[in-house]
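Reader: Please show me the model. I want to ask how its labels are earned.

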Amino acid sequence: MPEAAIAGAGPALPPLYYLHNFEALWRVVDARYADLLLPEELAQMRRFEALPRAARCLFVRLVLRVGPVFRVGRLHYPEIGDIDSALAPLIDSDLASDCAALDIDTLGSLFTRAEIQRCHAVELGEGQRPNKPTLLMAVAGLEESDAARAQRLCAALDERLIRIEGGDTVRLLQLLFFGNSRQSLVDFVLSDLGVASYWPYALSKAQRVFSSRGAVDVYRQADALAERHALWQDGRDRDTLRTLAADALGLASDSDSVVRRIHRLRNRIARDCERAGLPDTALELYVHSEQHPARERRLRVLEAQGATDEALAFAGRVLVQPWCEDEQAAVTTIRQRLLRRIHGTRALRRRDRFSTREMRLPPGTGRVERRAAEALQAEGWLSVRHVENALFNGLFGLAFWDEVFAAVPGAFHHPFQAGPADMFRSDFQLRRRPALERRLQQLAACDLEAELLRMVSRCAGYQCRWIDWRVITPALVQDAVRCIPFRHLVAVWRRLLFDPRENRRGQPDLVLLGGRAGEYQLWEVKGPGDALQPHQRRWLNYLCDIGAPAGVLKVVWGDA
DNA sequence: TCCGCGCTAG
DNA sequence: TTCACACGCTCAA
DNA sequence: GAGCGTGTGTCTCTAGCGCGGAAC
Ligand SMILES: [Mn+2]
Ligand SMILES: [Mn+2]
């Protein structure tokens with residue numbers, strides 16, 4: 001009996017939970033996406049539907065496991081009972097087949113070292129105890145056919161091998177249901193177990209994630225390419241990288257979300273092209289990407305190649321319409337460096353508006369943020385917390401919960417989302433502007449502390465991209481709202497709305513809360529050898545511009 | 001004999 | 001298996 | 001100081017198992 005069940009962490013699942021989940025998923029996909037399935041995929045599912053229950057159970061059990069080949073003798077499912085009788089209809093429906101061939105990899109994953117050695121004792125000798133890779137190499141050296149090997153193993157061990165068909169189809173169904181390849185049927189279980197709970201938002205039935213078979217296929221190709229790129233990391237062979245780059249350039253889709261995915265992938269591969277000394281390949285990829293930081297990287301490559309004039313011209317074009325603040329800042333820095341190099345001109349950078357406080361602490365153990373927090377706590381603050389992005393992001397999530405989870409068309413496709421599909425897209429605010437403005441007015445008029453505490457008790461525990469519930473507790477919300485003036489909170493929220501993706505990062509490390517309104521400070525802690533990152537600098541300047549007490553706390557080690 | 005890893009299941 | 005952050009290095013100025 | 005690579009922790013759960021391999 002698992003510990004979790006004893007602890008009462010979640011309700012027990014019904015005995016056939018996996019079958020029910022799979023069939024529920026299939027009903028949705030059948031209703032929404034049947035037209036995107038190939039005839040054979042659809043036919044497979046119709047054959048599945050016609051199976052007796054035990055066979056359906058066995059299929060779902062196995063198709064969700066690693067497979068696709070299994071040893072029948074190793075299968076034990078009390079709720080299914082006799083495996084052979086459950087298997088027969090599966091085989092009749094071509095959803096499983098007797099597996100007559102056994103390659104070396106499959107041999108190794110299905111059979112233990114001892115079993116393999118026993119079966120080949122005659123040829124390989126009994127004396128040594130080679131490790132498994134060595135043993136498999138030796139077996140491969142026997143040059144037995146896959147068919148003969150399957151037969152020999154099954155005879156020797158009185159075993160039966162089966163292959164489950166339809167794994168690709170089932171993966172496709174999950175992709176269609178979730179609209180991403182990150183989630184799976186596991187999410188059904190985690191939700192039922194209470195490990196993760198999801199807000200009961202309204203689903204948008206009208207809009208589909210994938211509008212055509214082509215979009216799905218390209219998504220899967222991009223996924224496969226990303227996989228190959230991840231695998232490339234340990235070999236780092238230049239020719240392979242060139243192939244990856246070419247394949248990435250070959251991907252195209254008319255779906256915006258798939259295109260975004262492709263462009264991000266191009267950026268990642270291009271970055272490795274830079275590292276691998278393939279600047280021209282990198283440029284080619286960056287030119288065909290509309291996701292930050294493609295243009296910034298493109299500019300850096302041009303600079304490194306010594307193409308100063310071209311770089312300057314390009315920087316000018318970027319700055320006419322920057323994609324985001326981060327790009328604007330980076331490109332401005334590079335442009336001024338280039339100008340200085342050519343003309344010797346020295347452009348003046350706008351001064352920082354925040355100040356830096358130096359703090360001398362005795363050398364000791366623990367992270368510098370914690371040490372600084374303890375020292376500040378001793379100065380009499382009611383509460384000093386290392387919150388980083390969690391505080392403002394969390395208060396934002398509480399304040400705009402209903403707007404975040406509002407039924408905007410295309411926002412929610414399935415019941416396991418922690419936010420709308422367009423949460424971090426540039427038009428998030430645009431598509432909800434009236435509701436957001438109304439909510440802001442409402443927040444201005446109400447008792448904010450009571451309102452946000454009400455939101456905590458209403459929403460606590462539900463998954464939300466903005467809220468880390470370990471940090472956002474009633475006590476913190478109460479203290480923060482009491483101390484931080486409303487006009488500061490509104491300004492912070494507007495900045496988050498302005499660019500939710502970029503601005504959820506870079507917020508100061510520490511928040512210091514006192515007992516009364518206005519008594520608070522925000523500090524970005526910097527130890528020796530650590531420097532402000534550009535987005536941290538932008539947040540600090542913004543906070544100071546709106547009148548918030550924010551700055552850098554520079555820690556130096558030494559005796560006071 | 002013990003430890004670490006991948007996999008499974010709820 | 002990503003993402004955000006810190007750290008420590010090199011290079012140029 | 002700018003830029004880079006790298007390390008660390010991290011809400012993509014968690015206990016239990018079978019196995020392989022190394023320690024003993
Ligand atoms: Mn920090
Ligand atoms: Mn810091």
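**Contacts with the DNA strand**

Author: A backbone N or O atom of R113 lies 2.8 Å from a phosphate oxygen of DNA strand D. This is a predicted model: local features need pLDDT of at least 70, side-chain atom pairs count only at pLDDT 80 or more, and totals for chains, interfaces and linings use all residues. Residues are numbered from 1 along each chain as its sequence is written, chains are lettered from A and ligands numbered from 1 in the order in which they are written, and side-chain values use heavy atoms, without hydrogens and water.

Reader: What makes the pair of R300 and a phosphate oxygen of DNA strand D a polar contact?

Author: A polar contact is a pair of N or O atoms within 3.5 Å; within protein, one must be able to donate a hydrogen and the other to accept it, and residues adjacent in sequence count only if both atoms are side-chain atoms. A side-chain N or O atom of R300 is 2.8 Å from a phosphate oxygen of strand D, so the pair qualifies. For the side chain of R349 the distance is 3.2 Å.

Reader: Which residues come nearest to DNA strand D?

Author: K132, R275, R297, R300 and R470, of the 18 around the strand. Near means a heavy atom within 4 Å. Of the strand atoms within 4 Å of the protein, 76% belong to sugar or phosphate.

Reader: How many residues of the surface near DNA strand D are charged?

Author: The surface has 12 charged residues, with 4 nonpolar and 2 polar. Asp, Glu, Lys and Arg count as charged; Ala, Val, Leu, Ile, Met, Phe, Trp, Tyr, Cys and Pro as nonpolar; the others, Gly among them, as polar.
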